[in-house]
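Me: I'm new to reading protein models. Could you walk me through this one, a feature at a time?

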Amino acid sequence: MNLILLGPPGAGKGTQAKELEEGHGLAWLSTGDMLRSAVASGSEIGRRAKAVMERGELVSDDIMIAMIGERIGRSDCARGFILDGFPRTVAQAEGLDSMLAQEGRSLDRVIEMRVDDDALVDRISGRFSCTACGAGYHDRHRRPRIEGVCDSCGGTEFSRRKDDNAETVKTRLAAYHDQTAPLLPYYRKRGALATVDGMASIDEVKQQIAAVVEAGDV
Ligand code: AMP
């Protein structure tokens, strides 16, 4: 099963992708995480992406399409994948379509996580994640059960994203509305889009997504 989670920054895509990875054995592909690793490693792509990410703008389509193309060809994606943060433009969606078509694969579902803009700033300020496994937490809404210890993997190191600040969030939201939201009609037209209420609790959203996934192929 090949899925896309689509939604603005702070919608909970990473949280739900992790649930799907653990529950369904799908590979979780977060282009934001891939880019942050590239920045941390000081690679050529990382150097080109760093300033763009810090401003909250989008990295170029050619870099992103090449990055995801290489990634979905790996063996852990054979059972299926969840795309988190890709595609973010119509050009990326078209690039993905042609890559999948070339390999005789297809998308099963595009799941939109709908959240009010006002809630996003609150969600983004205060979030942090486990450095080892990526599990997401929040200062006010979702603390680890044992303080300082990751619920998922027992890790004890956590990190916060540099771009999770009020100023950059505005640019990231604008990028979502201007460049990513056109993907909704793009996928709706072909009957692949399902929408869940991203304002609901994490467990409720998980159940709504499970219902979409269990409903099967489009
Ligand atoms: P995310 O972790 O998905 O919020 O992504 C963090 C940042 O990485 C974004 O604000 C963009 O600068 C960049 N980024 C991640 N995925 C993409 C993509 N598919 N296209 C362009 N830029 C991206």
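Me: Which helix gives the largest share of the shell around the ligand?
Reply: To read a shell, take the residues around the ligand and see which element each belongs to. In this predicted model, helix α2 (residues 31–41) supplies the largest share, with four residues. The shell has 16 residues, and among those coming nearest are Thr-31, Gly-85 and Arg-161.

Me: How many of the shell residues are nonpolar, polar and charged?
Reply: Here you sort the residues by type. You get six nonpolar, four polar and six charged ones.

Me: What polar contacts does the ligand have with Thr-31, Gly-85 and Arg-161?
Reply: Look for N or O atoms paired within 3.5 Å. An N or O atom in the Thr-31 side chain sits 2.9 Å from a ligand nitrogen. With Gly-85, a polar backbone atom is 2.9 Å from a nitrogen of the ligand. For Arg-161, a polar side-chain atom is 2.9 Å from a ligand oxygen. As for cover, the ligand on its own has 480 Å² of accessible area, and the protein covers 97% of that.

Me: Okay, now the sheet. What is the order of the strands?
Reply: Read across the sheet, strand by strand. This open sheet has five strands in the order β2-β3-β1-β4-β8, paired in parallel.

Me: Why is one side of β2 and of β8 left without a neighbour?
Reply: Because β2 (27–30) and β8 (193–197) are at the edges, where each has a single partner strand. From one strand to the next, the twist averages 20 degrees.

Me: How many bridges join β1 and β4?
Reply: Four: β1 (residues 2–6) and β4 (residues 109–114) pair in the parallel sense. For one of the partnerships, find Ile-4, whose bridge partner in β4 is Val-110.

Technical notes:
Residues are numbered from 1 along each chain as its sequence is written. This is a predicted model: local features need pLDDT of at least 70, side-chain atom pairs count only at pLDDT 80 or more; totals for chains, interfaces and linings use all residues. Side-chain values use heavy atoms; hydrogens and water are left out. A residue is near a molecule or strand if one of its heavy atoms lies within 4 Å of it. A polar contact is a pair of N or O atoms within 3.5 Å; within protein, one must be able to donate a hydrogen and the other to accept it, and residues adjacent in sequence count only if both atoms are side-chain atoms. Accessible areas come from the Shrake-Rupley method with a 1.4 Å probe; for residues, only the protein chains shown count as cover. Helices (H or I, at least four residues) and strands (E, at least two) are DSSP runs, numbered from the N terminus. Ala, Val, Leu, Ile, Met, Phe, Trp, Tyr, Cys and Pro count as nonpolar, Asp, Glu, Lys and Arg as charged, and the others, Gly among them, as polar. Two strands pair if DSSP finds at least two bridges between them. Axes are lines fitted to C-alpha atoms, for helices over the stretch in contact, and angles run from 0 to 180 degrees between N-to-C directions.
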